[in-house]
Amino acid sequence: MNMDLSKKTSFNRNKINDKCVFDTAEDNVLKDFYIPILKDSVSYDGAVGFFSTYGLLRILQGIEGLVKNKGKMRLLIGKPLTEEEYKVFESKGNYENILLKWNSDWIELFNQQFTNINQYRLEIFSWLLRNNFLEIKYAARRNGMYHKKIGILKDGDGEVVVFSGSINLTNNALTSHSSNPDGNSEEFSVYPSWEKDEFKRHGKAKIEYFNKVWNG
């Protein structure tokens with residue numbers, strides 16, 4: 001990829017201020033939020049219950065901007081555990097077998113026969129991982145599912161946009177809008193750092209939460 005990495009980016013504040021809540025019943029969240037804001041970002045942290053490489057492909061135009069800005073994505077993904085697996089992690093014992101099993105799931109995925117579009121989707125995912133533009137960590141609970149949905153984006157000026165709601169990084173969540181009602185019904189609220197009161201009340205705590213889980 002030949003990319004101009006000299007451009008400094010900043011969020012379009014007016015466009016973000018126009019919407020404090022996005023709803024797939026009315027909004028095209030890909031066109032109106034994800035893609036334009038990712039293009040202007042130098043980092044994207046996301047906590048999601050579910051993730052798919054289909055969802056990654058949907059926001060590819062935005063990710064291209066993130067890559068041009070030398071940015072990085074960090075994703076926390078929910079990973080269900082059996083009772084036995086959880087006890088192993090809790091005791092800090094030998095959990096290499098569990099990690100090997102999870103790695104083998106990824107290897108099996110990549111070694112299947114795919115259509116051209118699916119192969120392209122996985123090649124992009126693999127390229128982002130290999131070139132350190134994407135890092136993924138699993139988050140697990142003893143019972144139930146890690147089901148947070150938080151996004152944190154930063155631009156080249158140090159401004160931050162936090163969003164939180166019901167939306168996951170999956171195809172069904174991202175493609176649903178008023179003209180395509182077959183996907184999921186989702187919504188999320190947006191807290192930009194220049195809206196100081198709202199950001200202080202809602203945004204900062206979500207950033208602290210994400211970093212605590214990511215580092216712990």
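1. A salt bridge is taken here as a side-chain nitrogen of Lys or Arg within 4 Å of a carboxyl oxygen of Asp or Glu. The model under review is predicted. Glu135 and Lys72 satisfy this criterion, since their side chains meet in a salt bridge with an N to O distance of 3.1 Å. This pair connects distant parts of the chain: Glu135 lies in strand β4 (residues 134-139) and Lys72 in strand β3 (residues 72-78), 63 residues apart.

2. As to solvent accessibility in this pair, Glu135 is partly exposed at 29% relative accessibility. Lys72 is likewise classed as partly exposed, its relative accessible area being 24%.

3. Across the whole structure, the search finds five salt bridges. Among them is the one between Arg13 and Glu159, whose closest N and O atoms are 2.6 Å apart. Here too distant parts of the chain are linked, as 146 residues separate Arg13, in helix α1 (residues 13-17), from Glu159, in the loop between β5 (150-154) and β6 (160-165).

4. Are Arg13 and Glu159 buried or partly exposed? Arg13 counts as partly exposed, with 39% relative accessibility. Glu159 has 18% relative accessibility and therefore counts as buried, the cut-off for that class being under 20%.

5. A further salt bridge joins Asp27 to Lys19, with 3.1 Å between the closest N and O atoms. Asp27 is buried, at a relative accessible area of 9%, whereas Lys19 is partly exposed, at 25%.

Note on methods:
Residues numbered from 1 in each chain as written. Predicted model: local features only at pLDDT ≥ 70, side-chain atom pairs only at ≥ 80, totals over all residues. Heavy atoms only, no water. Helix = DSSP H or I, 4+ residues; strand = E, 2+ residues; numbered from the N terminus. Buried < 20%, exposed > 50% of the residue type's maximum accessible area, 1.4 Å probe, protein only.
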